[in-house]
Amino acid sequence: MILNGGAETGTTSGWADPGDVTGAGVAFAAVTTDAYRHEGRYGFTLTKASTSDGGGVCCLALPVGQGRKYRVRLWVYAPSATAGGLYVRVGERDGPPSGGFVTSANRGSYTDLVSNGAVTSGWTFYDLIYTGVGGKSWVSLAVYSWTGAPTVLAFDDVQMAEVTALGSGGAVYREDGSTKLTDNTAVTALGTAAAITGQGPWATSKRYYQTSAPTTGMVSGDIWFDTTTVPNVIHIYDQSSTTWVKAGPTQASEITADHAGGASLDTVTQYLNSQGTMYDYRGLPINSPYGQAAYRSNQAPLSASSSSAIAIAAHTLNLANGSISLPSGTISGLSASTPYNVFRDLDSSAWLADATIASTHLTSTSQYVYVGQQATPSAGAVYPTPPSPPAGGRRRERGEPLCLPMSPSRRRSRTSRPPSRTSTPATASTARPPATASRCAPSNG
């Protein structure tokens, strides 16, 4: 019911000053400091200049019903213990507040779930029950660091939810009820004590979000999120060996055939997105122009062997974290005049060609290597046959002029040319050649 109860928006949205202040008051913030966040990336802090100061924050108003039970849970942290100063208060009024919060200025009453409570060093879990008051239909939950509390008080994971009774007289509640599973009444109603006790470590497992491994208070099934990397590396605590165990592989050296569906380490490398970029098992691009490189021993391994087939030459794909030897092959039965995306299926050791990148290549557990794109030619695509040489000629000898046939129009123009005024009558030695003669080009041979 409480908005931003875990500070995971990274802001103080959903919370406001309830108006109760003593001294210089407090400063309220959402922080990422490891010590001040119980779960997630953020936690809330109430900071004041002196232990004699006091103030708090309240959540957005919530509707409640008279006589209904609500469970309030939160974690509170202090760097040092004090004898008092902590308040967990429910401000109440008979209608929705105009500003969205039930404050000291508009409330009709309040109920303290923790009143001037002692503060212990470290994180403390508070599990509280609030019962709706007659005539008060809207409430805001408030947390105060009052006089006597440490100068820094952190809280996180604030929840408020209605309790649903399962047993008669409200003696037994659901998981978020006030009756705990270890009570004899609850055990009798829900199952045997032995059965519930055996599930205890898992039912009460904790989650840690920090940069170093937790060292105290762990039980089997507890989860540690190592926040030194993004995404966080997840570890599960094994109480029998008193060690934190990774939930899965995060480095290439940790991957075995069990993780790869039978493929060797060299082949467990990448997936392909819709733009043809390959990603390794960590989700990092390995053939993008800005990141790690992927290069081939043969830069052009694809060719169209016919209008219905694509040939792939054997080559090696070298990646940032290993290499893959790709064999030669032929993909047949393709359509002509079609560009195809060519893949190698590492699981089935087969070559594939798709006119479009299929969704299975993006989401299947099989491993696909993108080789490139190759288009098939049209079905009738052939090179034209060069023209044959003129018929009736003889082979030209070396040094002999190269003679080209003269066109009829050219022959006509030469025979009809008027004689020069200085020309002399034709003789046997100076006569023009007959009309069927050819003009000759000088030989280069």
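**Pairing, burial and salt bridges, argued from the cut-offs**

Tutor: F44 of β3 stands opposite F155 in β11. The model is a predicted one.

Student: What makes β3 and strand β11 a pair?

Tutor: The two strands, β3 and β11 (residues 152-162), are joined by four bridges in the antiparallel sense. Pairing requires at least two bridges, so the criterion is met.

Student: How do you know that strand β2 and β3 are joined?

Tutor: Five bridges connect β2 (residues 27-31) with β3, and the two run antiparallel. The requirement is at least two, so these strands also count as paired. In β3, F44 is the bridge partner of A30.

Student: Why is strand β3 called mostly covered?

Tutor: Strand β3 spans residues 43-47, and four of its five residues are buried. A residue is buried if its relative accessible area is under 20%, so four of the five fall below that limit.

Student: What makes β19 and β20 a hairpin?

Tutor: Strand β19 (residues 302-306) and strand β20 (residues 309-312) run antiparallel and share four bridges. There are two residues between them. Within the pair, A304 stands opposite I310 of β20.

Student: Why are β12 and β15 said to stand at the edges?

Tutor: The strand order is β12-β13-β14-β15, in an open sheet with mixed pairing. β12 (207-210) and β15 (243-246) each have a single partner strand, so one side of each lacks a neighbour in the sheet. From one strand to the next, the twist averages 30 degrees.

Student: How do you know that strand β13 and strand β14 pair?

Tutor: Residues 223-226 form β13 and residues 233-238 form β14; four bridges link them in the antiparallel sense. At least two would be enough, so the strands count as paired. I223 stands opposite I236 in β14.

Student: Which residues touch the most other members of the largest nonpolar core?

Tutor: They are I2, W15, L74, L86, L141, F155 and M160, out of 29 residues in that core. Several strands supply at least two residues each, including β3, β8 (109-119) and β11. β6 gives the most, with five residues. Another core, apart from this one, has 15 residues, among them I324, L334, V342 and A353.

Student: What is L74 in contact with, leaving aside its neighbours within four places in sequence?

Tutor: L74 is in contact with T124, F125, Y126, L128, V143, D156, D157 and V158. Contact requires heavy atoms within 4.5 Å, so each of these residues has an atom pair inside that limit with L74.

Student: How many salt bridges does the count come to?

Tutor: The count comes to six. One of them joins the side chains of E39 and R207, at 3.1 Å from N to O. The limit is 4 Å, so 3.1 Å qualifies. E39 lies in the loop between β2 and β3 and R207 in strand β12, 168 residues apart.

Student: Why is E39 called buried, and why does R207 count as partly exposed?

Tutor: E39 has a relative accessible area of 15%, which is under 20%, so E39 is buried. R207 has 39%, which lies between 20% and 50%, so R207 is partly exposed.

Student: What makes D127 and R71 a salt bridge?

Tutor: Their side chains meet at 1.9 Å, N to O. That is within 4 Å, so the pair qualifies. D127 belongs to strand β9 and R71 to strand β6, 56 residues apart. R71 is at 7% relative accessibility, under the 20% limit, so R71 counts as buried. D127 is at 27%, between the two limits, so D127 counts as partly exposed.

Student: How do you know that R89 forms a salt bridge with D112?

Tutor: The closest N and O atoms of R89 and D112 are 2.6 Å apart. The limit is 4 Å, so this pair is a salt bridge too. R89 is in strand β7 and D112 in strand β8, 23 residues apart. R89, at 11% relative accessibility, counts as buried; D112, at 26%, counts as partly exposed.

Student: Why is S115 called partly exposed?

Tutor: S115 has a relative accessible area of 47%; exposed would need over 50% and buried under 20%, so S115 falls in between. This residue lies in strand β8. Not counting residues up to four places away in sequence, S115 touches L86 and Y87. S115 and Y87 are 28 residues apart in sequence, with 5.0 Å from C-alpha to C-alpha.

Notes: Residues are numbered from 1 along each chain as its sequence is written. This is a predicted model: local features need pLDDT of at least 70, side-chain atom pairs count only at pLDDT 80 or more; totals for chains, interfaces and linings use all residues. Side-chain values use heavy atoms; hydrogens and water are left out. Axes are lines fitted to C-alpha atoms, for helices over the stretch in contact, and angles run from 0 to 180 degrees between N-to-C directions. Buried means under 20% relative accessible area, exposed over 50%, partly exposed in between (1.4 Å probe, protein chains only). A nonpolar core is a set of buried Ala, Val, Leu, Ile, Met, Phe, Trp, Tyr and Cys residues joined through side-chain atoms within 4.5 Å.
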